[in-house]
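Dear colleague,

I am handing over the structure below, and my notes on it follow directly after. Please read them with the model open beside you.

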Amino acid sequence: MTQPFIEFKNVRKRFGSLEVLKGIDLTIDKGTITVVIGKSGSGKSVLLKHIVGLIREDDGDLLIQGKALNRLSKKQARQFKKNMSYMFQDNALFDFLTAFENIALPLRETTKMTETQIRKKVHDRMDRLSIEGIDHKYPSELSGGMRKRVALARALVTDPELILFDEPTTGLDPIRKNDVHHLIREFQKQFGFTAVIVSHDIPDIFDLAQQIALLDEGKIVFKGSRQEIMACEHETACAFIKGREHLYDRSET
Amino acid sequence: MMITRLIEAIGNPFSTHIESTGRLIRFFFAGIRQIPVLPLQFGKTMDQIWFIGAKSLFVILLTGLFTGMVLGLQGYYTLVTFGSEAALGGAVALSLIRELGPVLTAIMITARAGSAMAAEIGVMRMSEQIDALITMQIDPIRFLFTPRILAALISFPLLTSFFDVVGIFGGFLSGSMLMGINETVYMDKVIQSVKAMDIWGGFIKSIVFALVVTTICCYRGFYAHMNHQGQSGAKGVSLATTSAVVQSCICILIFDYVITSFLV
């Protein structure tokens, strides 16, 4: 049996008196797309932020290829994080940088690429995401959809091994949303990265996923494939994807 | 029970302040340590010199001019009662170079650029831009704080010297042009009374104020989400900006006294 790329082992996280994660168990294999779904405020972003190291678990273990993330040497941790990108829910674009500079920033600051190479790579990503011609525009001058795609381009520009997407299509129209889904799938096939996507685009997002995990009340209550969740055999998962709150609440008890 | 509560009531804010001071000192040294690290952040530092230095120039010149004019006027009326109005040039120059130049320049830069630094970095914290830097493996302290502190170390002494020169000219306008003190006497007294040590003293003060103001303002913005009232969002940024300006001004005056006591 191959070792999972990322493994959550009974991970718990508390903020003050509020326990957000109450023992997460989840494995993510290399080169796969895992979609995490769940009610708003259920801790999906907190889960992602554990992987990127922005939040540390109070209890349990987060293993990266079998080694606990908080016990990796500085060099190992740096190497792991260097090969990772994070696309924030609210984009987190830098207001004082243009769209081009935003996308080019990780290349300029963390690689030794020449300006010509950077320009070529950034424009390639911009072309693929249909955001050409906005090089000199600041985030405040762009529409919500444009900003989302600039953030996506920034996440993809370093060719990472792992990309964490926090609601990558929120605020996009159905056409752009499908474009982004298509791009994630296409890029993933091309570069073979591992992706963890937090999304509410149900059921469209399931088309991308090799694994779907439902986070509820601080625990992963369902793990399975698109077929398994759509078969509606798991009561909580079925109630959630159909948006039936009464059924959903009853299934929790 | 009462004693426990009392100890808690005294101890909690005390330990919070100790913790915050420790964090501030670590923040300062983390930023300073990055100054010589290659590649040097030349472009970002130039941008900050433009923002802190060039854009503050007009305010500094205006403040310096009127401070000098007031000093000239007040100084004249005080000195004339002793029949020593000829010493006005020296009095104006020494007051400006030793005290008012560095202090007022630092306070004006705090109001104009320091508040903006705290607000800008605070908004970056609240909108997860600082987290984005961390996820990109970019050191946020190096990226945000180091160019600002370097720019402040260059801008503060320069602006202080502009303030001093314009202030002396302001004293000349009110003392000589308005009140009729001989122009040559005024300028002679300026040259005679100012010693190299006075200029060095003002220079040292402006360097210290640059470090103090930039560190406090950037630190407050950087940790805008950790304010004692637990406020986030716009309120958190507003609190960070207010406390950055207030603490900077207080620290300028405290450090001014401490440095002066060593220099005199």
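In this predicted model, the contact between the two chains involves 14 residues of chain A and 10 residues of chain B. On the side of chain A that touches chain B, helix H2 (74-82) and helix H3 (99-110) of chain A each supply at least two residues, and H3(A) gives the largest share, with 4 residues. Sorted by class, that side of chain A comprises 8 nonpolar, 1 polar and 5 charged residues.

Within chain A, you may want to look at helix H5 (residues 144-156), whose 13 residues reach 19 Å from the first C-alpha to the last, close to the 18 Å expected at 1.5 Å a residue. Because 10 of the 13 residues of H5(A) are buried, this helix is largely enclosed by the rest of the structure. The buried residues include A:Arg147, A:Lys148, A:Arg149 and A:Arg154, as well as A:Val150 and A:Leu152. The partners against which the buried residues of H5(A) pack are strand E6 (84-87), H3, helix H4 (115-128), strand E7 (162-166) and helix H6 (174-191), which belong to chain A.

In chain B, helix H6 (residues 140-178) packs with helix H7 (residues 183-193) at an angle of about 145°, the axes lying 10 Å apart, and the crossing of H6(B) past H7(B) is right-handed. From H6(B), B:Ile168, B:Phe172, B:Gly175 and B:Ser176 take part, meeting B:Glu183, B:Tyr186 and B:Val190 of H7(B). The residues of this contact of H6(B) with H7(B) comprise 4 nonpolar, 2 polar and 1 charged.

With best wishes

Methods
Residues numbered from 1 in each chain as written. Chains lettered and ligands numbered in written order. Predicted model: local features only at pLDDT ≥ 70, side-chain atom pairs only at ≥ 80, totals over all residues. Axes fitted to C-alpha atoms, helices over the stretch in contact; angles between N-to-C directions. Left-handed = near helix turned anticlockwise from the far one by under 90°. Contact = placed C-beta atoms within 7 Å. Nonpolar A, V, L, I, M, F, W, Y, C, P; charged D, E, K, R; others polar. Expected span 1.5 Å × (residues − 1). Buried ≥ 20, exposed ≤ 12 C-beta atoms within 10 Å, placed from the backbone.
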